[in-house]
Each structure stands twice: as C-alpha cells, then as structure tokens.
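Here's a quick tour of one structure, meant for reading with the model open beside you. Have a look at the fold first, then work through the notes by topic.

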Amino acid sequence: MPELAEAGVAVHALPKKGKLGVNVLVGLVRLLHARKYDALISFLDTPNVYSVAASIFSPRLKLVVSERSSHHHDKNKYLALGKRLLYGFADKVVANSRSQAEWLRRFPWLRGKTMAIYNGFPMAGQAAGDEIPPMGFLVVGRIGPEKNGIRLVEALELFRRKHGYVPDISWAGKEDILPAGQRYVSALRAILDKYPGVRAQWKWLGERRDIMDLLREHRALIHPSLYEGLPNVVCEAFIAGRPVIASSVCDHPFLVAEPVRGFVFDPLDPVQICKAIEHVVFLPEQQWREMSENSLNYARSQLGVDRMVEEYEALLGGAGRSLQPFS
C-alpha cells in the first residue's frame, strides 16, 4: 500500500502454503525474533491464532488480538471457543464494538483484558450539505439472510397500505454466493414480486465503490441487519451527515442514540421498521437538518483515525522501547 510505504512502514508478506499454513507461523516466529518488536497487534481470526502461537517464542512481546465482527457470526461453536481460549495468552483483547467486548468479558479469563476500540475513518472534506436530498433510502450490504431484506419489504408494504405510496429504496451490495444466501435472495425476489408496489420503487444497484456519494443522494440509511460488529456503513452515513434507521441490535442503539442521529427498531417486527421509516419520511425539515449535523459531529468526535490511534497508543502504554507492561 502506498500509504504504508510513504510512512516508512515495512511490509513482510507471508503467503499461506497448504491448509494449515505452517510456513506463516514459522515466518512470523523468525520475523519477531529478528526484529525484536515490542508489540504485536493482530486482526481477524486466523491471524489472531498465528499471533498467539508465535508469541510463545517471544515472551517479552506485548500481544494484542482483535475481533472485527460479532459472535453471532461464529459458524462452529467449538472452534470459536478454542479461539477464545487462545486469547487467554494475549495481553489485551480488542473488539471493534462495545457489545462484542461485553460478550467476550463473559469468559472469566478475558474479563480483565478486553476492551472496545471503534474503527477510525478519514474525515477530510466532510461537511453537512445545505440542501436536503430527495426522499429516498439507501441500504448497503451483502444481500443475504443476516441483512434482513425480507422484513424490510414487508415493512414497506405496510407503509404503502397506510399511505398509498412507497418511498424510493436503493440497495447497494452483491449477492451472498453461499447456498443459504442464494436461497434467501430467491425468497427476497419472490416477496418483491408479491408486492409490486414495493418492487416498483426498489432498485438493485449491485456492488458499488461510491458509497459516500450514494449516501449524500439519499435522505437516510436503512440498516435492518440481524447482527453486526461495528457496521462501517453506519459510520460512513454519519460522516456523510445522514441520519440512520437501524435495527436495535449490538451497538446500533448506542450509535444512533434515538432520536439524536436517527431511529431504531426491532428487526423482527415489520411494524416497527415501518414506523421508523415514517419517522424519517415525515420529519420536519429543521429536525432533519439537526439530525444531519448531529451525525456529522458524532463522526468527527468519535470515529476519526486520530481518535483510534490515540486509543491504541494508550492501550500499548507508549511507543518503542518506552512501552510499559499492561496493567
């Protein structure tokens, strides 16, 4: 990455060979021994396992492992438990959501070493727009069961029956390619066919890279997912100065802080989803502007890269040879 090269950060690539990737572990052990690093921070499940194993050969190393999703995403409970048993060898465990950190603290061996640090996002050039965009809602995410699209369609049909029309809905994201995901996509398309009034206002955008531009073109983000870690798109919506209506799961209630930056709903209840949509559709112009400004201010104060870096620096207790042991 050019950013790393410009910052003088060395990159050591260790491509995995074979199913177990023993070469990665051996290469990491050698790298840690040769460079005499003070700390090792790893992200995602497999790197966390390699890092724990490699740190055994560098006992003075401070090890931080980090989870970037939710325990709801665990596919195998035994492998998941094994992974979190290994976390007991780490000095600190970082989740990127408060809800996941609280869940990890249920394990006695992780209770005193787990914390939450939100992801950091670039903020340059962000400002709340003067013009309110046309009424329309954006959904961003892979089209699959955990994103809860079917209940969103049911909520929009309830809205149509009450008000005689449906607000525009655009969905940016690729289809889940797993069998269960494909079955869900088929069921979602079938229910859209069942409700032609909703289907007429529903637009599939496919996978997109211009999410910030899309957010600014819509009145609000709808995020009806059944579970999350820290949802990047909710943070991006705040950066774009857009209110969010989201399911009342994981960190969503804390992020949205209803009615400061949007509204929350029970993701299993289309009636509640419909009411949340109504809140935004019939929101007075001045209140929408206040929500927009609240969203942007929250992003600037809580979601910036500088804030994330400061929290990791505090966690490590300093840089270089001045690194202090964890309390």
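Start in the middle of a sheet: V65 has V93 of β3 standing opposite. Keep in mind that you're looking at a predicted model. The notes below begin with the strands around that pair, then move on to a serine and to two helices.

**Strand β2 and its partners**

- The V65–V93 pair belongs to a parallel pairing: β2 and β3 (residues 92-95) run in the parallel sense and are joined over four bridges.
- To get from β2 to β3, the chain goes through helix α4 (residues 77-86), and this β-α-β crossover is right-handed.
- β2 also pairs with β1 (residues 39-43), again in the parallel sense, this time over five bridges.
- If you want a marker for that pairing, take F43, whose bridge partner in β2 is S66.
- Helix α3 (residues 45-55) joins in here: together with β1 and β2, α3 makes a right-handed β-α-β unit.

**How covered is β2?**

- Strand β2 spans residues 62-67, and six of its six residues are buried, so to speak of it as mostly covered is fair.
- Which residues sit on each face of β2? K62, V64 and S66 are on one side, with L63, V65 and E67 on the other, and all of them are buried.

**S170 and its surroundings**

- S170 lies in strand β6, which covers residues 168-172.
- Is S170 buried or exposed? Its relative accessible area is 8%, and because buried means under 20%, S170 counts as buried.
- Beyond its neighbours within four places in sequence, S170 is in contact with F137, L138, V139, K203, L205 and H218.
- Take F137 from that list: F137 and S170 are 33 residues apart along the chain, yet their C-alpha atoms are separated by 6.4 Å.
- H218 is worth a click too, as its side chain makes a polar contact with the side chain of S170 at 3.3 Å.

**Helices α6 and α7**

- Two packed helices are described by the angle between their axes and the distance between the axes.
- For α6 (residues 149-163) and α7 (residues 179-194), the axes come within 9 Å and cross at roughly 10°.
- Angles under 35 degrees count as roughly parallel, so α6 and α7 are roughly parallel to each other.
- Where do the two helices meet? On the α6 side it's G149, I150, V153 and E154, and on the α7 side it's Y184, A187, L188, I191 and L192.

Methods: Residues are numbered from 1 along each chain as its sequence is written. This is a predicted model: local features need pLDDT of at least 70, side-chain atom pairs count only at pLDDT 80 or more; totals for chains, interfaces and linings use all residues. Side-chain values use heavy atoms; hydrogens and water are left out. Buried means under 20% relative accessible area, exposed over 50%, partly exposed in between (1.4 Å probe, protein chains only). Two strands pair if DSSP finds at least two bridges between them. A crossover is right-handed if, with the strands pointing away from the viewer, the path from the first strand over the helix to the second runs clockwise. Contact means heavy atoms within 4.5 Å. A polar contact is a pair of N or O atoms within 3.5 Å; within protein, one must be able to donate a hydrogen and the other to accept it, and residues adjacent in sequence count only if both atoms are side-chain atoms. Axes are lines fitted to C-alpha atoms, for helices over the stretch in contact, and angles run from 0 to 180 degrees between N-to-C directions. Angles under 35 degrees count as roughly parallel, over 145 as roughly antiparallel, 65 to 115 as roughly perpendicular and the rest as oblique.
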